[in-house]
Amino acid sequence: KYILKFPECLSGLYDIGKILILNTLLMDRSIQPELSSVELSDIRKPDVRVMRNGMNLACFDVPGSEMVRADFLFRAGQWEQSRPLQAKFSFSHLKEGTHSFSADEIAEKLDFYGVSVDFVSTMYYSLATVYCLKKSFKKILPILQSIFTEPVYEEDKLSLELSTAKQSFLISSQTVNFQCRNLFYRTLYGCGHPVTMQPEEKDFATLNREDLLEFKNKYIGSDNCKIYLTGGLDDDIITSVESLFGESAWGCNSKETELLKPHDIVSAEEKRSVVKMSGTFQSAIRIGCLFPPRDSEDFVPLTMLSTILGGYFGSRLMTNIRETKGYTYDISTVISTVPYNSAFMVVTETANNYVERVIEEVYKEMERLKREPVGEAELAQVKNYMTGYACRNNDGGFQLPNAFVILDILGKSPDTLIENNKLIRSMSADVIMDYANRFLNAENMRECIVGDVQ
C-alpha cells in the first residue's frame with residue numbers, strides 16, 4: 001500500500017534504522033501474516049573419502065566462503081571414563097602443551113590467526129570444533145596435528161585448570177537445580193551407572209596426569225576419529241589435511257576396545273525423593289521416567305508428545321502453570337538421551353509453598369493428553385515448530401556437521417532426517433494420545449524435590 005522513495009543522500013546505519021522504524025509503524029497489525037507449513041525436503045550430503053590410514057574425511061564445500069570449520073569427532077566420551085572428570089579434562093587439556101609446542105605457544109599462535117577452538121565431551125563422543133580463516137587454515141594444521149597426536153598433559157597446567165573448575169563447581173553445587181538434577185539421575189539409573197558418575201569436590205584434587213593419559217591412550221587416535229571439513233574448501237586444503245592426519249595411524253588402537261558397553265540400571269523404588277536445603281526461596285522439581293533410546297522407532301512420536309506437553313513456549317505446561325496460574329517463571333520438558341535409553345523429565349523451579357500445586361498441575365496436563373485428542377490448530381502449530389527447528393539446524397553448510405555428528409554416532413543415514421520430518425507431518429492426534437497412555441503413566445514417574453520443603 002505504501003511506496004517509499006529514499007533520497008540519494010541517505011546513508012549509514014542511523015538512517016537505515018529510521019527507515020526500518022517507519023516501515024514498522026506503517027504496518028497494519030490487525031492483519032495476521034499468512035501461515036504456511038515448512039518441509040525438510042532435502043539434506044545435503046558431504047563428500048566422504050577414506051584416507052590411507054582408514055580415517056574418514058567428510059567435506060562440505062561452501063563456495064565463496066572465506067572461513068573453514070574443522071570438526072574432529074572421537075567416538076568416546078563420559079560413558080567410557082573410569083572416574084569423574086576424566087573424559088572432560090583428557091580432551092579439553094589436549095591444547096595445554098605438546099612435545100612440539102608449549103601451552104603458551106599454542107595459545108599465542110591460535111590467537112594470532114584468530115582461531116576458535118572448542119572442546120566438548122558428551123556421553124557418546126568427544127568433539128573438537130575449529131573455526132579459522134581460509135587463508136590461515138594450512139598454517140594452523142601442524143598445531144592441530146600436534147594437539148591430537150602428542151599432548152604432554154603438564155601437571156602444573158592441569159592443577160591450575162582443576163583449581164579454577166573446582167571453584168565454579170562449588171558455586172554451582174549450592175543451587176537447588178544442580179542438586180535436583182543429580183538426585184533425579186541417581187533415582188532413575190542408580191549409583192554406579194555412567195550417567196550418575198558426577199564429580200564431587202574431592203575429584204578435583206585427585207584427578208592426575210595418569211588418568212588423562214589412560215583415556216587418551218585408549219580412545220584418542222586415528223582408529224577412533226572422523227574429520228569433517230566445512231567452508232571454502234579447495235584441493236590444497238584437503239590434501240594438507242590428508243597428509244597430516246591421514247597418511248599413517250596415530251594415537252590409540254581402539255579397535256581392540258569395547259565402546260558403549262551396556263550398564264545395569266537400578267531405579268529407586270520410592271516414587272518421591274526429597275532433599276531439604278534450608279534457607280532457599282525456591283525448590284527445584286524434576287518429574288520423569290525412562291524412555292526408549294534415540295534410535296528407537298518410538299523416539300520421534302515421544303519427542304512430539306514431549307513438545308506438546310512442555311517443549312516450547314506455547315506448550316501445555318507453560319500456558320497453564322506459568323501463564324494462567326503464575327506458579328513458576330519457567331517450566332519445560334526435556335528428553336535426555338544416553339546409550340540404550342533416554343530420560344524424560346519435567347523441569348522447573350517454584351516457590352517452596354507452590355511445590356505440591358505445581359506437581360498436581362503437571363499430572364493434570366498428562367492426564368488431559370491421555371483423555372483428550374490434541375486439537376487441529378495446536379497440532380499444526382507443534383508440527384510447524386518442530387519442522388522449523390529441524391530446518392534451522394540443517395540450514396547452510398556450517399550447520400550441517402552438527403547433524404551429521406549425531407547421525408554418525410547413531411549409525412543412521414542422512415535420509416533419517418527426511419523420514420523423521422515426514423513422520424512429524426503425518427502424526428495424528430490419535431497417535432499422540434496413544435503414546436500418552438503408554439508412556440505418561442503416573443505410577444512410572446519419579447519425583448525429585450530439592451529445597452526448603454518438608
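F91 and F119 are both buried in this predicted model. The structure holds 21 aromatic pairs, and the rings of F91 and F119 make up one of them: their centres are 5.3 Å apart and their planes stand at 80°, so the pair is edge-to-face. The angle decides the label, because planes over 60 degrees apart count as edge-to-face. This contact joins distant parts of the chain, since F91 belongs to helix 2 (residues 86-92) and F119 to strand 4 (residues 116-121), with the two positions 28 residues apart in numbering.

F91 and F119 also belong to a wider group. Ring pairs connect them with F72, F74, F148, F245 and W250 in a cluster.

A second pair is formed by Y185 and Y189. Here the ring centres lie 6.4 Å apart and the planes make an angle of 40°, which gives a tilted arrangement. Unlike the link between F91 and F119 across distant parts of the chain, the pairing of Y185 with Y189 is contained in helix 6 (residues 176-189), where the two tyrosines are 4 residues apart, about one turn of the helix. Y185 and Y189 are both buried.

Aromatic rings also meet charged side chains in this model. The charged end of R322 is placed over the ring of Y329, at 4.8 Å from the ring centre. At Y435, the ring has the charged end of R438 over it, 4.7 Å from its centre.

Key. Residues numbered from 1 in each chain as written. Predicted model: local features only at pLDDT ≥ 70, side-chain atom pairs only at ≥ 80, totals over all residues. Heavy atoms only, no water. Phe/Tyr/Trp six-rings, centres within 6.5 Å; stacked < 30°, edge-to-face > 60°. Buried < 20%, exposed > 50% of the residue type's maximum accessible area, 1.4 Å probe, protein only. Lys NZ or Arg CZ within 6 Å of the ring centre and 35° of its normal.
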